[in-house]
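Dear colleague,

I am handing over the structure below, together with an account of what was found in it. Please read the notes with the model open beside them.

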Amino acid sequence: MNDLASETMTATSKPLGLDFNTPALQRKRRIRALKDRVARWAVSIGGMAVLGAITLIFFYLAYVVLPMFQGASIDSRESVSVAWLNEAAPPLLLTLEEQNQVGMRLDQSGQVQFFDAEKMQPLTSVQLPIPADARIVSIAQDQPGSNRVGLGLSNGQVLVFQHAYKLSYPNDVQTVTPKIEYPFGEAPIVLDAQGGELDHLSLSLNSGTLMLAGSTGTALHVLSLGREENLMTGEVTLSEERLALPQIAEPIKALIIDPRHMWMYVINGRATADVFDMRSKTLNGRYKLLADATLEVSNATPLLGGISLLIGDSAGGIGQWFMVRQDDGKALLTSIRSFQLADSPITQIIPEERRKGFFALDANGNLGIFHSTAHRTLLVEPVAEGQALLALSPRANRVLVESEGQLQRLTIDNPHPEISWSSLWGKVWYENYDEPGYVWQSTSASTDNEPKLSLAPLAFGTLKAAFYAMLVATPLAIAAALYTAYFMAPVLRRKIKPVIELMEALPTVILGFFAGLFLAPYLENHLPGIFSLLIFTPIGIMLTGYLWSRLPESVRLSVPDGWESVLLIPIVLAVGYVSLAMSGHLESWLFDGNMRLWLSNDLGINFDQRNALVVGLAMGFAVIPTIYSIAEDAVFSVPKSLTFGSLALGATPWQTLIRVVLLTASPGIFSAVMIGMGRAVGETMIVLMATGNTAIMDMNIFEGLRTLAANVAVEMPESEVGGTHYRVLFLSALVLLAFTFVMNTLAELVRQRLRVKYASL
């Protein structure tokens with residue numbers, strides 16, 4: 001009996017006429033398994049390739065960026081014993097020309113020796129026209145790059161000359177021909193009519209006017225010398241004006257004239273600076289330069305541009321000072337930043353001709369390379385034993401050091417001195433600024449201006465644009481996703497969802513074009529209507545919902561379930577039309593006809609036409625489809641058994657939505673928001689066309705902004721490949737990539753925690 005039952009069960013367990021072990025079915029299973037393995041490997045390889053590509057992009061960006069943070073280096077040293085140096089008088093000045101081919105040496109006898117900077121062989125020699133009864137007692141140079149030199153003589157006169165270099169190509173060979181020029185004549189200029197020795201001297205040429213300042217003891221002598229040339233005859237006419245300034249009580253150490261002829265700085269005593277206003281011929285103030293009373297000033301030199309003073313002291317310190325305008329309009333000499341070379345007195349400071357960097361030499365032969373704006377010490381290294389004289393090439397890539405009858409040639413590698421973490425992310429006190437600030441200004445009219453490459457305002461603008469875009473997009477997209485997936489009728493959902501997702505196909509350049517050319521001026525002219533629209537639209541929707549709930553049940557049931565939202569379309573259109581139509585009347589009633597002027601004058605809020613409000617609306621419109629699509633899928637994917645169970649237990653649809661559906665779908669909704677945030681952070685064309693691209697740090701919704709992505713798009717074509725600006729733009733891209741990576745990583749961690757927390761639902 002048992003055997004018969006067993007046979008019956010075996011027979012009935014197989015469908016009649018089917019055999020699953022036929023060769024054809026086995027072959028199909030093998031092919032299907034092979035396809036599954038190929039698909040699995042293809043997906044895995046594709047995913048790994050994407051990760052590998054992102055990793056390579058990261059390392060490439062880092063490869064381009066890292067050289068900016070390397071210091072300076074001396075690539076080669078060559079010391080040459082020069083025979084003709086032993087026959088010359090002690091040096092006063094040593095220089096190099098642009099091509100690093102010709103050097104110039106001026107000695108105390110007034111002999112100018114041009115020499116081959118490679119072979120250290122003499123080329124030509126020129127004897128300056130020094131009067132027979134006078135000797136050189138002081139020397140001064142004009143702004144870096146001018147090659148103008150003034151010599152203070154023992155008879156109270158000044159000889160001004162200029163060393164120039166003519167570049168030619170005879171037989172296709174580059175040749176540099178040096179010469180000496182006398183722009184104000186070969187005859188010395190009388191500065192001290194009493195014939196006293198000019199212990200210290202300063203000169204500055206501005207718009208054809210040469211200003212000379214000299215000191216004999218504690219007496220100051222200032223002369224303004226105008227030069228006019230007749231274009232027809234070539235005759236040069238000189239005009240003189242002597243300026244009377246208050247005298248100095250203590251011995252003078254240095255004189256410096258501002259290139260704009262606004263200020264004159266007199267360093268006197270141990271560490272005191274008297275600042276004279278050259279326009280009013282009055283004393284601006286007396287300033288203490290060193291806090292330590294045991295120290296004294298050992299060297300003082302203007303930085304490139306002449307706005308800043310570099311003050312070297314007897315302990316190896318170097319301070320940067322410049323005039324800062326106060327709230328009352330008065331300018332005061334202010335200490336900005338300080339550097340430290342070693343512990344010996346600073347004997348020479350040479351500013352670079354094209355950057356805000358400078359080289360310094362101390363009494364023990366230590367060479368220091370610094371950059372003022374970046375507040376960066378790039379190199380400190382001994383180059384001589386004891387006293388030495390330094391020459392810096394205009395390109396700041398070659399240095400000559402004369403010491404004990406020898407010339408040492410140094411090759412300097414210092415490509416990116418203007419970059420430091422403080423200059424990129426911290427507040428920097430720039431010249432002519434009243435206080436430190438975050439500034440991005442990558443280009444300027446001349447090399448005298450400081451590089452302003454702070455990434456802080458760009459990062460702030462990126463987050464500001466993303467914040468206002470998400471403020472617009474997130475509530476609308478999530479609310480639309482919840483309603484579409486949970487309340488809307490299936491037939492209507494199948495029409496609405498594709499339309500919203502189709503919005504993502506709109507090119508962002510079109511949205512930016514529309515926002516910049518139409519939306520921005522429209523918002524400016526209809527500000528009251530726009531704000532009325534933002535306020536009254538939600539009020540109108542809630543009021544409509546309340547009135548709908550108070551209608552008779554027969555009326556409410558006449559509308560099919562899930563189609564109620566269609567009734568809101570005319571309400572929203574009506575509220576929008578009335579709000580915008582009343583804009584002009586509201587502006588006349590409430591803001592005296594000009595809301596923009598009311599914002600600026602009464603509230604002190606600056607208003608730019610292309611501002612963050614325009615970006616928020618335009619970029620929010622672009623981000624809505626991304627958030628909506630992912631969030632709607634997450635809500636719609638909540639198992640129906642959960643919602644039916646909640647409703648069966650007596651919960652209302654809203655309670656089910658809030659306490660069951662929303663919690664279950666929260667990981668997907670959070671992912672949607674984070675992906676939308678990433679889209680907003682990386683957006684380029686909308687912020688490029690819809691904002692003023694002003695790199696400022698202001699949360700004001702009516703101010704413009706500049707983002708990291710837009711900045712790269714705008715300035716990359718203008719940057720020099722391999723230059724500092726080029727690498728800073730790559731750093732912007734690296735910061736953007738790192739921010740997105742960190743944000744997405746944190747979002748994934750939060751999403752996983754939410755999934756685990758609400759998995760029990």
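Which residue in β26 is the bridge partner of Leu-367? Before the answer, please keep in mind that this is a predicted model. The partner of Leu-367 in β26 is Glu-381, and the pairing behind that contact is a good place to begin.

Strand β25, residues 366-371, is joined to strand β26, residues 376-382, by 6 bridges, and these two strands run antiparallel. On the other pairing of β25, 5 bridges join it to strand β24, residues 357-362, again in the antiparallel sense, and here Leu-367 of β25 is the bridge partner of Leu-361. Leu-367 thus has a bridge partner in β26, namely Glu-381, as well as the partner Leu-361.

The two hairpins can be described in turn. The hairpin of β24 and β25 has 3 residues between the strands, and in it Gly-365 takes a positive phi near 85 degrees. The hairpin of β25 and β26 has 4 residues between the strands, and there His-375 takes a positive phi near 50 degrees.

As to how far β25 is covered, 6 of its 6 residues are buried. Both of its faces are covered, with Asn-366, Gly-368 and Phe-370 buried on one side, and Leu-367, Ile-369 and His-371 buried on the other.

A sheet elsewhere in the sequence also deserves a look. Four strands form an open sheet in the order β19-β20-β21-β22, with antiparallel pairing. Strands β19 (297-302) and β22 (331-340) stand at the edges, and because each has a single partner strand, one side of each is left without a neighbour in the sheet. From one strand to the next, the twist averages 25 degrees. Within this sheet, β21, which holds residues 317-325, pairs with β22 over 9 bridges in the antiparallel sense, and the bridge partner of Gly-319 in β22 is Ser-338. In general, strands of a sheet pair through backbone hydrogen bonds, either parallel or antiparallel.

Turning to the helices, α10 comprises the 14 residues 568-581, which at 1.5 Å a residue should span 20 Å, and the C-alpha atoms at its ends are 20 Å apart, in agreement with that expectation. The buried residues of α10 are Val-575, Gly-576 and Ser-579. Because they cover an arc of only 95 degrees around the axis, they lie on the same side of α10. On the other side of the helix, Leu-573 and Tyr-577 are exposed. What covers the buried residues of α10 includes α8 (527-549) and α11 (583-591).

The packing of α10 against α11 can be given in some detail. Their axes are 4 Å apart and the helices pack at an angle of about 45 degrees; angles that are neither under 35 degrees, nor over 145, nor from 65 to 115 count as oblique, and α10 and α11 are therefore oblique to each other. At this packing, Ser-579, Leu-580 and Ala-581 in α10 meet Ser-583, Gly-584 and His-585 in α11.

One last residue may help with orientation. Arg-227 has its place in strand β13, residues 219-229, and is partly exposed, because its relative accessible area of 32% falls between the cut-offs of 20% and 50%. Arg-227 and Gly-562 are 335 residues apart in sequence, and their C-alpha atoms are 89 Å apart in space.

With kind regards

Conventions:
Residues numbered from 1 in each chain as written. Predicted model: local features only at pLDDT ≥ 70, side-chain atom pairs only at ≥ 80, totals over all residues. Heavy atoms only, no water. Expected span 1.5 Å × (residues − 1). Buried < 20%, exposed > 50% of the residue type's maximum accessible area, 1.4 Å probe, protein only. Arc of directions from axis to C-beta. Contact = heavy atoms within 4.5 Å. Pairing = 2+ DSSP bridges. Axes fitted to C-alpha atoms, helices over the stretch in contact; angles between N-to-C directions.
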